[in-house]
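Me: Before I rely on any labels for this entry, I would like each one set against its definition. Please take the ligand site, then the domains.

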Amino acid sequence: MSKMYYRSYAILVLAALVTLLGGTVVTANSPSQAAAPTIRELADKNHFHFGAAASPTHFGDPKYVETLKTEFNMLTPENEAKFCSIQPAQGQFDFRSFDRLMDFAQANQMVVRGHNLVWHQCVPSWLAKGEFSRDEAIKLLRDHIYTVVGRYKGRIPMWDVVNEAIDDSGSGLRDAPWRQFIGDDYVELAFKFAHEADPDALLFYNDYSTEGMNAKSNAVYAMVKDFVARGVPINGVGLQSHFTVGQIDLAGIAQNMKRLGELGLQVQITEMDDRYPPNTPDSILQQQAGDYRALLDTCLNSKYCTAFVTWGVNDLYSWLRDSNLGFYENHTVKPLLFDDEYQKKPAYFAVLDILARHAGDAPILTDEQLAAMNAPIEAAVAEVKLPSPRKSDSKQLAPDPVAGAAYYAPFPITITLDGKTNDWADIPRMTVDNGPMVPANNTTGMQFAVAADAKNIYFLAEVKDGTLISGKHDAATEWYKEDSVEFYINATGNLQISTYKPGVVQIAIPAANIGHSGTPLIAGTNSDTVVVQAVAVKTDDGYIVEASVPLVTDVWKIVPLTLGTVGFQVHLNGASTDSDRDTKLIWSVYDTKDESYLNPSLFGKLIFWKTNKPK
Ligand code: XIL
């Protein structure tokens, strides 16, 4: 079977399974629709806490209330217990929203995970902007924790005491208001105060990108190990689990749970959601279901993992839909178990199935349904349908780019490689801010643009990057471990080829070109078959790369004609420490696993567009 045939076949099979899952098969396999168990029933049966982040903001929506109380036996206040919600003005505590949520939990016999007492975000301005001595700040911290934990003593069995205190690189504590006022021991002081306020509550440290084995989770491990050794009261570690579909390192998570458990600590999955890039077809929801199932299975199989909480109830209210979030623009993403209309998604049935199996009940899903959830991600990403070319801005020299799929490059435009962007005016910019490796609070991102004249194709990358890491590795072989930009071209005429051949080129331009004179530093597969010119300059908030590659080379002859198309891809590598990259952003939606350097069929399209640029 040819690869292409296989792929379209796989998509058909998947589509059929999606249809089945939404309807007959699941209900036919369950005893009857009415008797189908809920997650809550099966969680109870497993003596396991399965929760959702919840907020009284949505209590006006009857379906929300109904779903929350029937499907979950635990809830986490999404924002209501945070410092800025509770003590918006110094010494003035406002418990109204939190109390509403507590009343709801009590009325419905749900366990509450307190979240959180100390976080570098949600700090009220009186505190952030205030000037406090160490002793004053310690008193503020103690008063807050005593007041909040004390008020709910006996009603909240576990608290996230400190949230996200470790720096993303894992090199130590991150900068935070409490740390500035008090010093590094603010973390253990918070645990001490929480323990004094309610000696029976289980106290957790909670963080993101610390689920598997990596530098940051090593730092968490070292910190809590030291706490245990010195008798700082801590009982568990929360693994937030804000994941991207297909990117969960289950073996690493199992290993991390084990080492934390062996310190005598509990582990909980505290904020699970599973995102994916914009424009991804809904068939991705099968693979998302596989992620939920596998992570829950890993938790249930670990004797240390005592709860699994999703960060929200339904997709519509997910924090990932929040347009102000900044780091992840996908307003249609469906990262949770219930869709916008509270329909049960494949991930819901996957969770139900694994809970049923662990309880010794009959499986909910068939082997075929499970196989669909484990299908490779390429099969789940169908071709993005391109809209007709249109310009949203009449000054623009080419139509709007299609996110993740197509970029219209105006010609003829001549660009001078000088690190200045004035000659790129009115050329459409495309943002790249998604990829397989994105730190949760990522601030690295890029915009790119492309143009051509009669001799060259020109590329522009405007990169935002707070920490420039360059020149620490061999520019020819290990450039990808550092800050660098990659442009890819497939000019073979066949956009479906899945291996490199002459005419496919990966052009990697490391930030090490900043301040570098002479022949530019260029790397990437086949990049030596074309002559690339490039400059890189530092900017206030990152760097700019300008590059060109000839239209006529030994391996290709590209003639720009309106709607003429070549395969095209853009990647950004970002590092925030000397050791290795921690960010990989990818433009084309087809490449979800960083495989463009192997497989040109994962590229998007570069489409030429003749412009009549005014002189
Ligand atoms: C988020 C909430 O979901 C948003 O509504 C709010 O605007 C910001 O905080 N890690 C955490 C959670 O520990 O508290 C965050 O919740 C998401 C990231």
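**Ligand site and domain interface**

Reply: An oxygen atom of the ligand lies 2.7 Å from an N or O atom in the side chain of glutamate 271. This is a predicted model, in which local features need pLDDT of at least 70 and side-chain atom pairs count only at pLDDT 80 or more, while totals for chains, interfaces and linings use all residues. Residues are numbered from 1 along each chain as its sequence is written, and side-chain values use heavy atoms, with hydrogens and water left out.

Me: Why is the pair between the ligand and lysine 82 called a polar contact?

Reply: A polar contact is a pair of N or O atoms within 3.5 Å (within protein, one must be able to donate a hydrogen and the other to accept it, and residues adjacent in sequence count only if both atoms are side-chain atoms). A ligand oxygen is 2.8 Å from an N or O atom in the side chain of lysine 82, so the pair qualifies. For tryptophan 311 the corresponding distance is 2.9 Å, so that pair qualifies too.

Me: How do you know that no salt bridge joins domain 1 and domain 2?

Reply: The rule asks for a side-chain nitrogen of Lys or Arg within 4 Å of a carboxyl oxygen of Asp or Glu, and across this interface it finds zero such pairs. One residue pair, with both residues at pLDDT 80 or more, is in polar contact there.

Me: What makes about 1200 Å² the buried area between domain 1 and domain 2?

Reply: Buried area is the accessible area (1.4 Å probe) that two parts lose on being put together, summed over both; for these domains that gives about 1200 Å², 51% of it on carbon and sulfur atoms.
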